[in-house]
Amino acid sequence: MKLIYQKYQNKNMESKAYCKWYGRVVIKGTVGIEELATKMQDNCTVKRADILAVLSELGPTVRDLLQGSYRVNIPYLGNFKLGMSTLGADKPENFSVRTHVKNVHVLYQPETHMTVDGRRVNEMVKDCRLEEDTDYVNPNPKKEETGTNGGETPANGD
C-alpha cells in the first residue's frame, strides 16, 4: 500500500510561507472495528467474532488503565499514557485542579526499534511509500514546484 498525498499552496498572506507549496496526506476513509476484524482474520487463524470481542474490550480497558495512571504498551503499535496541560501556581498549596488544569490528553508514542547503524525507526512509518494523488485538480499549476513527478517516493529518504 502507498500513502497518498496532495500538494497544496499556503494562501495565508500574513504567513512567511505565503505562496509556498506543501504536501498533505489524503485520508481515503475510516476503517472501523468490523473492517479491522475482517482484515485481521485474513492474516491469522483467529475468527472474526473472537477478534471483534477482543477489540470491543480494548478501548474501555485501555481507558481504565490510563485513568489509573498506567502507561499501556501494545506491541507493534506503541505506548499510550495520559498527560495534562496546566497553568503555573506561585506556591504548591495554591495549585488546584479546578483552576490550574487546562486539559487532560492522550499521549501516543509509536513503537520503535534501533537499526544496525544506530538509527531509531518508527514501526508505523517503516517502509512507507508516498504517491501523489492525481485525482484532484491543481488550482494553480504554474506556481507548482518543478521536479516533482508524482511517482512513488520513499517517505523516509531511502
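This is a conversation between a trainee and a mentor about a predicted protein model.

Trainee: What makes up the fold, and in which order?

Mentor: The protein has three helices and nine strands. Along the sequence they follow the pattern β-β-α-α-β-β-α-β-β-β-β-β.

Trainee: How many of the residues count as buried?

Mentor: Of the 158 residues, 16% count as buried. The exposed surface of the protein is about 12,600 Å², and carbon and sulfur atoms supply 54% of it.

Trainee: Why is Lys7 called buried or exposed?

Mentor: Lys7 has a relative accessibility of 11%. Buried means under 20%, so Lys7 counts as buried.

Trainee: What is Glu132 called on that scale, and where does Glu132 lie?

Mentor: Glu132 lies in strand 8. Its relative accessibility is 13%; the limit for buried is under 20%, so Glu132 counts as buried.

Trainee: What makes the pair of Lys7 and Glu132 a salt bridge?

Mentor: The closest N and O atoms of Lys7 and Glu132 are 3.5 Å apart. A salt bridge needs a side-chain nitrogen of Lys or Arg within 4 Å of a carboxyl oxygen of Asp or Glu, so the pair qualifies. This pair links distant parts of the chain: Lys7 is in strand 1 and Glu132 in strand 8, 125 residues apart. The two side chains also make a polar contact, at 3.5 Å.

Trainee: How many salt bridges does the structure hold?

Mentor: The structure holds six salt bridges. One of them joins the side chains of Glu131 and Lys2, at 3.7 Å from N to O. Glu131 lies in strand 8 and Lys2 in the segment before strand 1 (3-9), so this pair ties together parts that are 129 residues apart in sequence.

Trainee: How do you know whether Glu131 and Lys2 are buried or exposed?

Mentor: Glu131 has a relative accessible area of 29%, and Lys2 has a relative accessibility of 37%. Buried means under 20% and exposed over 50%, with partly exposed in between. Both values fall in between, so Glu131 and Lys2 count as partly exposed.

Trainee: What about the pair of Lys126 and Glu123?

Mentor: The side chains of Lys126 and Glu123 meet in a salt bridge of 3.5 Å, N to O. Lys126 is at 37% relative accessibility and Glu123 at 25%. These values lie between 20% and 50%, so Lys126 and Glu123 count as partly exposed.

Trainee: Where is Asp133, and how do you know that Asp133 has no salt bridge?

Mentor: Asp133 lies in the loop between strand 8 (129-132) and strand 9 (153-154). The nearest side chain of opposite charge, Lys28, is 9.5 Å away. A salt bridge has to be within 4 Å, so Asp133, although buried, has none.

Trainee: What does Asp133 touch instead?

Mentor: Not counting residues up to four places away in sequence, Asp133 touches Ile4, Tyr5, Gln6 and Val26. With Gln6 there is also a side-chain polar contact of 3.0 Å. The cut-off for a polar contact is within 3.5 Å.

Trainee: What makes up the nonpolar surface patch?

Mentor: The patch is made by Leu82, Met84, Phe95, Val104 and Val106, and its area is about 440 Å². Strand 4 (78-86) and strand 5 (101-110) are the elements that give two or more residues to the patch.

Trainee: How do you know that Leu82 is accessible enough for a patch?

Mentor: Leu82, which lies in strand 4, has a relative accessible area of 32%. Patch residues need over 30%, so Leu82 passes that limit. On the other scale, Leu82 counts as partly exposed.

Trainee: What is notable about the phi angles of Tyr76 and Asp127?

Mentor: Tyr76 has a positive phi of about 70 degrees although it is not a glycine. Asp127, likewise not a glycine, has a positive phi near 65 degrees. Tyr76 is in the loop between strand 3 (72-74) and strand 4, and Asp127 is in the loop between strand 7 (120-122) and strand 8.

Trainee: Why are Tyr76 and Asp127 called exposed?

Mentor: Tyr76 is at 68% relative accessibility and Asp127 at 57%. Exposed means over 50%, so Tyr76 and Asp127 both count as exposed.

Technical notes: Residues are numbered from 1 along each chain as its sequence is written. This is a predicted model: local features need pLDDT of at least 70, side-chain atom pairs count only at pLDDT 80 or more; totals for chains, interfaces and linings use all residues. Side-chain values use heavy atoms; hydrogens and water are left out. Helices (H or I, at least four residues) and strands (E, at least two) are DSSP runs, numbered from the N terminus. Buried means under 20% relative accessible area, exposed over 50%, partly exposed in between (1.4 Å probe, protein chains only). Accessible areas come from the Shrake-Rupley method with a 1.4 Å probe; for residues, only the protein chains shown count as cover. Patches are made of residues with over 30% relative accessible area and no salt bridge: like charges are joined within 9 Å, nonpolar side chains (Val, Leu, Ile, Met, Phe, Trp, Tyr) within 5 Å. Lys and Arg count as positive and Asp and Glu as negative; His and the chain ends are not counted. A polar contact is a pair of N or O atoms within 3.5 Å; within protein, one must be able to donate a hydrogen and the other to accept it, and residues adjacent in sequence count only if both atoms are side-chain atoms. Contact means heavy atoms within 4.5 Å.
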